[in-house]
There are 2 protein chains.
Amino acid sequence: MTLFAEHRATLARALGAIDRREYWTPYPDSPRAYGDDAPVSGEAAFQERLGARFELGQPAQGWTAGDESSPYGIDLGITYPNASVATLLDASAEAQPGWAAASPDARAGVCLEILDRLSSRSFEMAHAVMLTTGQPYLMAFQTGGPHALDRGLEAMAHGHRETTRLPASMVWSRPQGRREPVAMEKTWRVRPRGISVTLGVSTLPTWTAYPGLFASLVTGNPVIVKPHPATILPLAIFVETARGVLADAGFDPGAVLLAVDTTALPIAAELVMDPRVGIVDYTGGPAFGSWLEANAAHAQVFAGKGSVNSVIVDSTDDLDGMVRNLAASFALYSGQMCTTPRNVFIPRAGISTGDQHVGFGEVARRIAAAIESLLADDDRASDILGAVKSAATIDRMAAAAAHGDVLLASRPVKHPMYPAATVRTPVVVAVDTPEAHLDAGEVFGPVVFLVATDSTEQSLALAAASAARHGALTWLVHTSDDAVAAAAEDVAVGAGVPVAFNLTGGHLVNHSAAFSDLHGSGANPAVSAALTAAAFVVPRFHVVGVRRPAG
Amino acid sequence: MTLFAEHRATLARALGAIDRREYWTPYPDSPRAYGDDAPVSGEAAFQERLGARFELGQPAQGWTAGDESSPYGIDLGITYPNASVATLLDASAEAQPGWAAASPDARAGVCLEILDRLSSRSFEMAHAVMLTTGQPYLMAFQTGGPHALDRGLEAMAHGHRETTRLPASMVWSRPQGRREPVAMEKTWRVRPRGISVTLGVSTLPTWTAYPGLFASLVTGNPVIVKPHPATILPLAIFVETARGVLADAGFDPGAVLLAVDTTALPIAAELVMDPRVGIVDYTGGPAFGSWLEANAAHAQVFAGKGSVNSVIVDSTDDLDGMVRNLAASFALYSGQMCTTPRNVFIPRAGISTGDQHVGFGEVARRIAAAIESLLADDDRASDILGAVKSAATIDRMAAAAAHGDVLLASRPVKHPMYPAATVRTPVVVAVDTPEAHLDAGEVFGPVVFLVATDSTEQSLALAAASAARHGALTWLVHTSDDAVAAAAEDVAVGAGVPVAFNLTGGHLVNHSAAFSDLHGSGANPAVSAALTAAAFVVPRFHVVGVRRPAG
């Protein structure tokens, strides 16, 4: 309760922002806001981790490095507690009753303190995220730190609101005409769903995991965090921080546990199939996501499992602005965001740009040129592209040429600080077989397809078909025609894809703002529920009514 | 919008009651509140239905009586439009865009008007429910009419609230230091999930169907109502009323359609497996409910599929009150409610009643005697028992003796008005094999098992095991020991079963009050979600964000 009293105002402001959808954050995303020393001490804290054991004080049978590696080519050498699935589940189950018995306010206090302490470690987290995922530094700071914390706070606020809807207790009285009223004393108790397992992703580990983690924790479920075997450190820092707060608040720190595995010996399936598991939050490829949905029927599965995002180009009043904005969207973190556009649908007959008509070939050439120009300088390119995390992404880039004509080839970029880093510019491919191209699915990474279509109508139909089949989190539509805009909006709503129009400045379709934008919708296979809608939170608990004759 | 303006105050009061959980209803459950003429004209309206075609003006290929029959032994002879599955789905899909495009307020206005018109037909509905389901008259009036309307309004209010959480539109502005703020104009659009199919039950057709129907309608989904083939009329009256309101409000009445089938040629599986179906609301046996959950993966399935409710007798200060209250719970509608207690767990060593100790045999005898006394007079018994709907129930009664010793045999009761009615008193069976008895599952109907256990602790453990395996909607605990009460409450919460304590007066555990009590919890197999929690409503739609540069 002490913790909650300290943080109550933050929760109230978060709930206000959620209702009004206004810009707000308690975690500034400008590095300057944290003072001059923070970057240095954060980097030092990260450096101390390297080559060392990451002590968590949780039950374990030894140490493991998982498959952790850095796309910047440095040696991490960090080892983590290596615990069996049975050890993890037993420890989680042991912590469960105490955490379930805590009041919603007490749980919210713990969550808010975890967020606060994580915020004070945002530079350490920035380096951890950057060096494990390949994100460029500024993005790693923002997306790994404050923006992830925003999404965690947002989900936590929803969870607190939903678990405190009913009165703590009341007397219900039903008139009975001339007879005495029937009076019942009623209470409602929140029943958390069960052990919550988070299965992390290698590219945006904290931003994708925090919403589910904080939603599960605030609704009373203990969590087991199993990071992607190639990106462990960022979520290990979360686990360390959370366990520290739990212990300080007098709870069993077993309510938050780290699970580490390797690609060769994965434990996710065994972990989630235990009947004590009530919730699974997953971000990753569609194959395992679909397996979870089909097999973990005893649990509530929230799966983020890939998306093929579309740009629909109909017409524009600002061709320069359009291609610059697109180039930035494609280049940021080498297209390794779940919100990066994958396919740009452009009418084969070309588009109107207000004063003139521009053919497909010229629009395509301008997009390619904008990418080339943005990334012409290696130092600047490195700051935007970051590094490519996975060898499979390099393979996909090589295979991309098979889909059409390469308009712009990828080139290796020399990183100024990390000579062994895997840095690549995007490959741009023109595609002339729009229908067949849907079979390509998600080509994750720095690959841009410019797809020639018969018309904007066909572009929209293909984007919708793609969303239904592969999922989609973002659409960007460029049109200066109000009727086309209205039609496109209807198609986007039908496909369940959040849509932005005519972005030509610095605001990218990749970005969604916590407390305001819904990330995804739940209406196509990309994600099970929007971040953060009530549907992401309410399945994490049940409410049980208790009644007694009053008086 | 006109309809909404008329009914806005009702919605506001409903939302207030939901938050405060106070007693409230706009639909009085005292027949006297409706004036002297209402019962007579309601009965006349029912009589006019008999032997006639039930015209609905919906597309159909002919007429069918389904398998409708009356347990009161009268001939109904009503025929309904007989439409193919394809006809129904096509008509529903045609009505879909217009209904989805209506505003939440417009949809709420239509729903409130449907509820209002149904309320004015509550006596017609009472006869329809009574004569098709076998409910006694007063219960048919209350449960078929006002109490069902309460639950429909409650679900509708939740749906309206959840679909109007986000602002209609707003401008989001993000400060950028010395640069101009980034400003985006944002809207959020509700995307209804898809065609909603309601699969009705033969015993409480309106009370169980209205929550899902009104929740789906208010969130923008068209509905196809397929009643149980043996109990069609009550939901046909709903469909007729709803279609009338839709037409009057300028909507395609195809947003509400009736589907009729027979036990020999069921259409439910074909209907729900169409990919256009987004929601299924089912009440009925566990076999088809589990099939739906396993197979209709493209849809959101809400299944109410049976429950084995427990009474745990530990001790009591009022043995007379306890056995009278239990007798009424068992007798009401011959145990054909999903909330009727099935098993009474009593310690083999007996219980304390304050001043004395009473053995198991004596407690059992007292319960049997209370049932016998309550139902001694045939006329009074008929008013409580109603009639037995299904031949399968009669078979289960005959088979009940195999589970133990019959303490009270069932006897046929002569109904004063309906000589051909199937009226039976409950059979009471003492069971001495508590663990093995869990295999019995739900023995639906007028069958009471008094189960001897080693201790209250074992009683609670068995009740919890039964709830986890077969589902449970209600527990009733009798204890005068505060420590036992606290322990029992914890076990009930863990099992996800709403629990009442020490009911000894006229309030029965069978009853749950709309706006106040949650019916079920969703935490055991009895129901997918509580009536009405947010989890029952929010999966019926998604929200899609739309953003444009502002200014």
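User: In this predicted model, how many bridges join strand 15 of chain B to strand 16 of chain B?

Analyst: Strand 16 of chain B covers residues 447-453 and runs parallel to strand 15 of chain B. One pair in this ladder is B:Ala430 with B:Leu450 of strand 16. The number of bridges joining the two strands is five.

User: Which residue of strand 15 of chain B is the bridge partner of B:Asp405?

Analyst: Strand 14 and strand 15 of chain B pair in the antiparallel sense, over three bridges. Within strand 15, the bridge partner of B:Asp405 is B:Ala430.

User: Are the residues of strand 15 of chain B buried or exposed?

Analyst: One side of the strand carries B:Val427, B:Val429 and B:Val431, and the other carries B:Val428 and B:Ala430. Both faces are covered. Of the five residues in strand 15 (427-431) of chain B, five are buried.

User: Which strands are the edge strands of the open sheet of 10 strands?

Analyst: The order of the sheet is 3(A)-4(A)-19(A)-18(B)-17(B)-10(B)-11(B)-16(B)-15(B)-14(B), with mixed pairing. An edge strand pairs on one side only, and this applies to strand 3 of chain A and strand 14 (405-408) of chain B. Neighbouring strands of the sheet are turned against each other by 25 degrees on average, direction ignored. The edges are therefore, by the pairing of two strands through at least two bridges, strand 3 of chain A and strand 14 of chain B.

User: Where in this sheet does a strand of chain A pair with a strand of chain B, and what is the bridge partner of A:Val546 there?

Analyst: Strand 19 of chain A pairs with strand 18 (residues 499-501) of chain B in the parallel sense, over two bridges. Strand 19 of chain A also pairs with strand 4 of chain A, in the antiparallel sense and over nine bridges; A:Arg189 has A:Val544 as its bridge partner in that ladder. Across the chains, the bridge partner of A:Val546 in strand 18 of chain B is B:Val499.

User: Which element gives the largest share of the side of chain A that touches chain B?

Analyst: The contact takes 51 residues from chain A and 51 residues from chain B. Elements giving two or more residues to the chain A side are strand 3 (169-176), strand 4 (179-192), helix 18 (482-495), strand 18 (499-501) and strand 19 (541-549). The largest share, eight residues, comes from strand 19 of chain A.

User: How many residues on the side of chain A that touches chain B are nonpolar?

Analyst: By class, that side has 10 polar and 12 charged residues. Its count of nonpolar residues is 29.

User: What relation do chain A and chain B have to each other?

Analyst: Chain A superposes on chain B after a rotation of 180 degrees with 0.0 Å of shift along the axis, at an RMSD of 0.0 Å. In chain A, A:Ala535 comes closest to the rotation axis, its C-alpha lying at 3.6 Å. The copies meet through the same surface, because 100% of the interface residues of chain A are also interface residues in chain B. The rotation of 180 degrees without shift is the relation of a two-fold axis.

User: Which residues touch the most other members of the largest nonpolar core?

Analyst: This core has 376 residues. As an example of the contacts of one residue, A:Ile367 touches A:Val323, A:Leu326, A:Ala327, A:Val344, A:Val428 and A:Leu450, leaving out residues up to four places away in sequence. The members that touch the most others are A:Val280, A:Ile367, B:Val280 and B:Ile367.

User: Is B:Phe515 buried or exposed?

Analyst: B:Phe515 is placed in the loop between strand 18 and strand 19 of chain B, and its phi is positive, at about 70 degrees, although it is not a glycine. Its C-beta neighbours inside 10 Å number 24, and the cut-off for a buried residue is 20 or more. B:Phe515 therefore counts as buried.

User: What is omega for the cis peptide bond that joins B:Leu531 and B:Thr532?

Analyst: Most peptide bonds are trans. B:Thr532 is found in the loop between strand 18 and strand 19 (541-549) of chain B. For the cis bond from B:Leu531 to B:Thr532, omega is about -10 degrees.

How values were computed: Residues are numbered from 1 along each chain as its sequence is written. Chains are lettered from A and ligands numbered from 1 in the order in which they are written. This is a predicted model: local features need pLDDT of at least 70, side-chain atom pairs count only at pLDDT 80 or more; totals for chains, interfaces and linings use all residues. A nonpolar core is a set of buried Ala, Val, Leu, Ile, Met, Phe, Trp, Tyr and Cys residues joined through C-beta atoms within 7 Å. A residue is buried if 20 or more other C-beta atoms lie within 10 Å of its own, exposed if 12 or fewer, and partly exposed in between; C-beta atoms are placed from the backbone. Two residues are in contact if their C-beta atoms, placed from the backbone, lie within 7 Å. Helices (H or I, at least four residues) and strands (E, at least two) are DSSP runs, numbered from the N terminus. Ala, Val, Leu, Ile, Met, Phe, Trp, Tyr, Cys and Pro count as nonpolar, Asp, Glu, Lys and Arg as charged, and the others, Gly among them, as polar. Axes are lines fitted to C-alpha atoms, for helices over the stretch in contact, and angles run from 0 to 180 degrees between N-to-C directions. Copies are superposed by least squares on the C-alpha atoms of residues with pLDDT of at least 70 in both.
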